[in-house]
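Here are a few exercises to work through with the structure open in front of you. Try each one before reading its solution.

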Amino acid sequence: IPIVLSNYWKALTASLCDLIHYFVIYFPGQTGKKLRQSYYRRKLKHLGKDVRIDPGVHFQHPELITIGDNCWIEFGTVLLADKPSPTPPFRLLRGKNQEFEGEIIIGNHAHIAPYSVISGMGGLKIGDNVSIGSKSSIYTYTRITRRPHVLFSGGMVIEDEVVIGTNATLIGVSLLEKGSIIKPNSVRSD
């Protein structure tokens, strides 16, 4: 019976943590903003000053995510960080910029508009004053379709003052130079 009670206690604790997490993510208004700042200050690798995280923003492995000062991440955005670990039969092909593999690093004064998907599993470094349009997708870890059992992991550096238009998709791009503009609805890959 002690094993049953132990398992029950673990399940209850996990459910309570999930409920708190859900409450923090979706609570509206100023109170929700303050809750999210306090909660993510403990969960993220680093959270800068005056960061606005809207309701509905999801972080996978927040301990691998750094956000600079005066950033705004709008509702419905998903940030995915994790070290790539393919299982057989898959193998990993590594690209450039592996020094921050698995991490997302966001500079100061960055803005990520609603419903964007930011995957930093290959490593992603976003500079200062970067604007990412609504429904944009950035992937640094993906499957290579011509080679079905190969996954590509390549770090991406988005330099300062880059503008990424609405609904743009970046797949395996290693560098966006300072001041670059990615047109809305465009797809870029290296």
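**Exercise 1.** In this predicted model, work out which parts the salt bridge between K45 and E103 ties together.

*Solution.* Start with the contact: the closest N and O atoms of K45 and E103 are 2.9 Å apart, and a salt bridge needs them within 4 Å. Next, place the two ends. K45 sits in the loop between helix 2 (29–43) and strand 1 (46–47), while E103 sits in the loop between strand 7 (91–94) and strand 8 (104–106), so the bridge links parts 58 residues apart in sequence. Finally, check the cover: K45 has a relative accessible area of 48%, which makes it partly exposed, whereas E103 is buried at 13%.

**Exercise 2.** How many salt bridges does a search of the whole structure find? Sort the residues of the R52–D54 and E101–R94 bridges by exposure.

*Solution.* The search turns up three. Take R52 and D54, whose side chains meet at 2.9 Å, N to O. R52 is partly exposed at 37%, but D54 is buried, with just 7% relative accessible area. Now E101 and R94, again with closest N and O atoms 2.9 Å apart. E101 counts as buried at 10%, and R94 is partly exposed at 47%.

**Exercise 3.** Is Y8 buried or exposed, and which surface patch does Y8 belong to?

*Solution.* First find Y8 in helix 1 (residues 2–26). Its relative accessible area is 55%, so Y8 is exposed, the cut-off being over 50%. Then look at its partners: Y8, W9 and L12 make up a nonpolar surface patch, together offering about 390 Å² of accessible area.

Methods
Residues are numbered from 1 along each chain as its sequence is written. This is a predicted model: local features need pLDDT of at least 70, side-chain atom pairs count only at pLDDT 80 or more; totals for chains, interfaces and linings use all residues. Side-chain values use heavy atoms; hydrogens and water are left out. Patches are made of residues with over 30% relative accessible area and no salt bridge: like charges are joined within 9 Å, nonpolar side chains (Val, Leu, Ile, Met, Phe, Trp, Tyr) within 5 Å. Accessible areas come from the Shrake-Rupley method with a 1.4 Å probe; for residues, only the protein chains shown count as cover. Helices (H or I, at least four residues) and strands (E, at least two) are DSSP runs, numbered from the N terminus. Buried means under 20% relative accessible area, exposed over 50%, partly exposed in between (1.4 Å probe, protein chains only).
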